[in-house]
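Q: Some spaces in a protein are closed and some are open. Let us ask how each label is earned.

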Amino acid sequence: MDEETRLIRAGKPPGRALRTVAPPIQRGSTVLLPTAADLYDERQQTYGRQGLATQDALRDALAELEGGKSAQLYPSGIAALSGAMLAVLKAGDEVLAADCVYRPTRRFCDTVLKRFGVNTRYYPGDLAPAELLAMAGPATRLIVMESPGSLTFEMQDVAAIAARAREKGILTLIDNTWAAGLLFKPLVHGVDLSVQSLTKYVGGHSDVFMGAAVTANDAIGRQLTAGIHEMGWSVSPDDAYQMLRGLRTLPTRMERHGRNGLEVAHWLKAQPEVVRLLHPALPGSVGHDLWARDYSGACGLFGFILRPGPPKAVEALLDTLTLFGLGFSWGGFESLAIHCDPQLGRRQFPPNLEGPLVRLHVGLESPADLIADLRCGLDAFNALA
Ligand SMILES: Cc1ncc(COP(=O)(O)O)c(C=O)c1O
């Protein structure tokens, strides 16, 4: 054969690879089928868009993590949330969503779902389950929870909501990113769809985007799979590999994030500039009882309310911090801070807080160093408030 041909055929994979601790990264769009009959055999995987060995391994691991039967992967957390909703909703349906959902989730409901004939109504994140279900009408198809809620950390009685929704034939979905699928098991509590941004704690290093939707219900699992096929979503094997790598150390990292976060939260609680903590795992915080009942631990994300002061004082606090980066994400090894007030006014039920709200993500640094940094920040706040 000529050299062009030989180079195309050279170095084909050996029959059997050596075993390694980590799974191989299998890249491929084209899947080679053994015979002509196999090309049209619907039981066979004939194309790589839905993922090969690496994505399969991650899907299996995530189903295991959440106690589900199947998991699907999406290019980001928001894609997982929108993909899961699109998979189970149709024109004429209605969604009841917590007012404290992650803002892009709300944007998806208010724009895309609306355009396709699905209406969304919002409920206060701390609404009692009976009152929430009393809001449901004949068109209500899905309840979208986020617990703890974004920025304001409202806790919901997820099990009670799921049980009452099921009685009425309404599906439930939760954004389980705070718990990373580890600290809380929504499917075990009767929720139909547990969705998380793997970008946060599973990735753990602030460098890869991905999301997952997990279910214990076979019919919903098939709907998710069909949605992935029909929308053409795909995640790369390299990214799936990174997520699988993150998953191995998730419990260890989460334990440390939770412990560091609580140490910082306890310290903040004792500072004169701080009115109140929004941290479900902190005794005395709103929602602590539900957290203690349902959760096996905490992550590093929580908020604190300052005594009243002007926005410039809050900005001075943040600008003084040297160990906390100023950034919107969380779940990585590093500490981050944002002020939240500019976002809260856009809610239907804006919280009536005693002062400005700051959100912290406590990373894996030494809590003593983080506390010293925060003390400097609070001094800067005092100078202007
Ligand atoms: C609660 C929550 N859900 C979902 C997302 C979206 O994740 P991604 O950035 O992977 O789309 C975020 C991102 O900040 C989030 O905070």
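A: Start with a definition: a cavity is a set of grid points where a 1.4 Å probe fits but cannot get out, and its lining residues have an atom within 4 Å of a point. The model here is predicted.

Q: Which residues line the largest cavity, and what makes them lining residues?
A: Arg49, Gln50, Gly51, Gln55, Arg59, Gln72, Leu73, Ile228, Trp233, Ser234 and Val235 line the largest cavity. Each counts because it has an atom within 4 Å of a cavity point. Helix α3 (53-66) and strand β1 (70-74) each supply at least two of these residues. By class, the lining has four nonpolar, five polar and two charged residues.

Q: How many cavities of 30 Å³ or more does the structure hold?
A: The structure holds one. About 50 Å³ of space lies in the largest cavity.

Q: What makes the largest pocket a pocket and not a cavity?
A: A pocket is an open set of points, whereas a probe in a cavity cannot get out. The largest pocket has a volume of about 660 Å³. Its lining counts 34 residues, and Tyr102, Arg103, Pro104, Ser150 and Trp330 are the closest to its centre. Two or more lining residues come from each of α4, α5 (103-115) and β6 (193-197). Helix α5 gives the most, with four residues. The classes are 14 nonpolar, ten polar and ten charged.

Q: Where is the ligand, and how do you know that it sits there?
A: The space taken by the ligand is the largest pocket. To sit in a pocket, a molecule needs more than half of its atoms within 2 Å of the grid points, so the ligand meets that test.

Q: Why is the pair between Asp175 and the ligand called a polar contact?
A: An N or O atom in the side chain of Asp175 is 2.6 Å from a nitrogen atom of the ligand. The cut-off is 3.5 Å, so the pair counts. Ile78 uses a backbone N or O atom, 2.9 Å from an oxygen atom of the ligand. That pair is also within 3.5 Å, so it counts too. The protein covers 92% of the 400 Å² of accessible area that the ligand has on its own.

Q: Which residues come nearest to the ligand?
A: Among the 14 residues around the ligand, Gly77, Asp175, Ser197, Thr199 and Lys200 come nearest. Helix α4 (residues 77-88) gives the largest share of this shell, three residues. Five residues of the shell are nonpolar, six polar and three charged.

Notes
Residues are numbered from 1 along each chain as its sequence is written. This is a predicted model: local features need pLDDT of at least 70, side-chain atom pairs count only at pLDDT 80 or more; totals for chains, interfaces and linings use all residues. Side-chain values use heavy atoms; hydrogens and water are left out. A residue is near a molecule or strand if one of its heavy atoms lies within 4 Å of it. A polar contact is a pair of N or O atoms within 3.5 Å; within protein, one must be able to donate a hydrogen and the other to accept it, and residues adjacent in sequence count only if both atoms are side-chain atoms. Accessible areas come from the Shrake-Rupley method with a 1.4 Å probe; for residues, only the protein chains shown count as cover. On a 1 Å grid over the protein atoms alone, a cavity is a set of points where a 1.4 Å probe fits but cannot get out, and a pocket is an open set with protein on both sides within 12 Å along at least five of seven lines; lining residues have an atom within 4 Å of a point. Ala, Val, Leu, Ile, Met, Phe, Trp, Tyr, Cys and Pro count as nonpolar, Asp, Glu, Lys and Arg as charged, and the others, Gly among them, as polar. Grid points are joined across faces, edges and corners, and a volume is the space filled by probe spheres set on the points.
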